[in-house]
2 protein chains.
Amino acid sequence: MKLNANEGVPSKQECVSKVRPITDALYVLNGKWKLPLIFTLRENAQRFNEILKSVEGITPKVLAKELRDLENNEFIVRKVFPTTPVTVIYESTSYSDSLNGVLGELYNWGEQHREKIRHSMRDRKRP
Amino acid sequence: MKLNANEGVPSKQECVSKVRPITDALYVLNGKWKLPLIFTLRENAQRFNEILKSVEGITPKVLAKELRDLENNEFIVRKVFPTTPVTVIYESTSYSDSLNGVLGELYNWGEQHREKIRHSMRDRKRP
DNA sequence: CATACTAGTTTCCTAAAGGAAAGCGGTTTC
DNA sequence: GAAACCGCTTTCCTTTAGGAAACTAGTATG
């Protein structure tokens, strides 16, 4: 009783639905500066120019864009105070803590993988 | 007793060591085709041209490079059989199962996050 | 009115990822 | 010897991420 020539082979729909939530998650962590920014703002809320100094190497253009991304994903909030000159404080949200599980898994797996590959490389030289 | 002007502020070393294992992990999943390839080869081992067909849109050049990456990370093995014409089978390893924890966390968080952002967008239109 | 300060934006540029199309080496079949 | 099949590689091109440097708007102070 063969209803479909691709029996047993998952449909494209099925594959996409398996992969998309994962790529969604990866997407929000994507880019050179997302993690450093998340971690530095977890240490303490900071102003734009303070972040520029504490995250070494980032430029104003890229920082502005990354902060917008993080705000859109609700990992941080932007608070403006009408001092003169203005004060803008970026502060990490409690929602950013929801990343802890993911980040913990990534950390442990990444650490383990580095060791694994280090050993494999060594064994290729001296088998 | 102030020993250091940056007391309480983590050193750059400390930040790097917190972030690097995570970026290592993200790096191996990086790129447009890594996850589709991992998943398709978990379904069943396949030949080069079979993968080209089952992973819709990938080109030979990119596939060859991605397979090399996956092999270097020991997620797959490349098996060559001296038939004519040659048969090359790519097969996922049991080590690729070590990703299950990470992928599960990413999946759950990603699914939840998509919902969260969807609701936030709606509430911005109708507050 | 000039200067200073914050929080960005704008313009221009480079490097890397990825795609399209064609080609290639080895081996059989006709 | 031509054609076909497999598993790629090569060349050329476009898009995107990110960096350097300069500039801007708003609001004070002198």
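Visitor: What makes up the surface near DNA strand D in this predicted model?

Guide: Helix 4 of chain A contributes at least two residues to that surface, and so do helix 3 (48-54), helix 4 (60-72) and strand 3 (87-92) of chain B.

Visitor: Which residues come nearest to DNA strand D?

Guide: Gly31(A), Lys32(A), Lys61(B), Ala64(B) and Pro85(B) do, out of the 20 residues around the strand. A residue belongs there if its C-beta atom, placed from the backbone, lies within 6 Å. By class, the surface has 10 nonpolar, six polar and four charged residues.

Visitor: How do you know that strand 2 and strand 3 of chain A pair?

Guide: Pairing requires at least two bridges. Six bridges join strand 2 to strand 3 (residues 87-92) of chain A, so the two count as paired. They run antiparallel, and Val80(A) stands opposite Val88(A) of strand 3.

Visitor: Why are strand 1 and strand 2 of chain A called edge strands?

Guide: The three strands of the open sheet follow the order 1-3-2 in chain A. Strand 1 (46-47) and strand 2 (76-81) each pair on one side only.

Visitor: What lies across these strands?

Guide: Helix 2 (residues 34-43) of chain A lies across strands 1, 2 and 3, at about 100° to strand 3. Helix 4 (residues 60-72) of chain A lies across strands 2 and 3, at about 115° to strand 2.

Visitor: Why is the relation of chain A to chain B that of a two-fold axis?

Guide: A rotation of 180° with 0.0 Å of shift along its axis superposes chain A on chain B, with an RMSD of 0.1 Å. Therefore the relation is that of a two-fold axis. The same surface serves both copies, as 100% of the contact residues of chain A recur in chain B.

Methods. Residues numbered from 1 in each chain as written. Chains lettered and ligands numbered in written order. Predicted model: local features only at pLDDT ≥ 70, side-chain atom pairs only at ≥ 80, totals over all residues. Helix = DSSP H or I, 4+ residues; strand = E, 2+ residues; numbered from the N terminus. Contact = placed C-beta atoms within 7 Å. Axes fitted to C-alpha atoms, helices over the stretch in contact; angles between N-to-C directions. Nonpolar A, V, L, I, M, F, W, Y, C, P; charged D, E, K, R; others polar. Least-squares fit on C-alpha atoms with pLDDT ≥ 70 in both.
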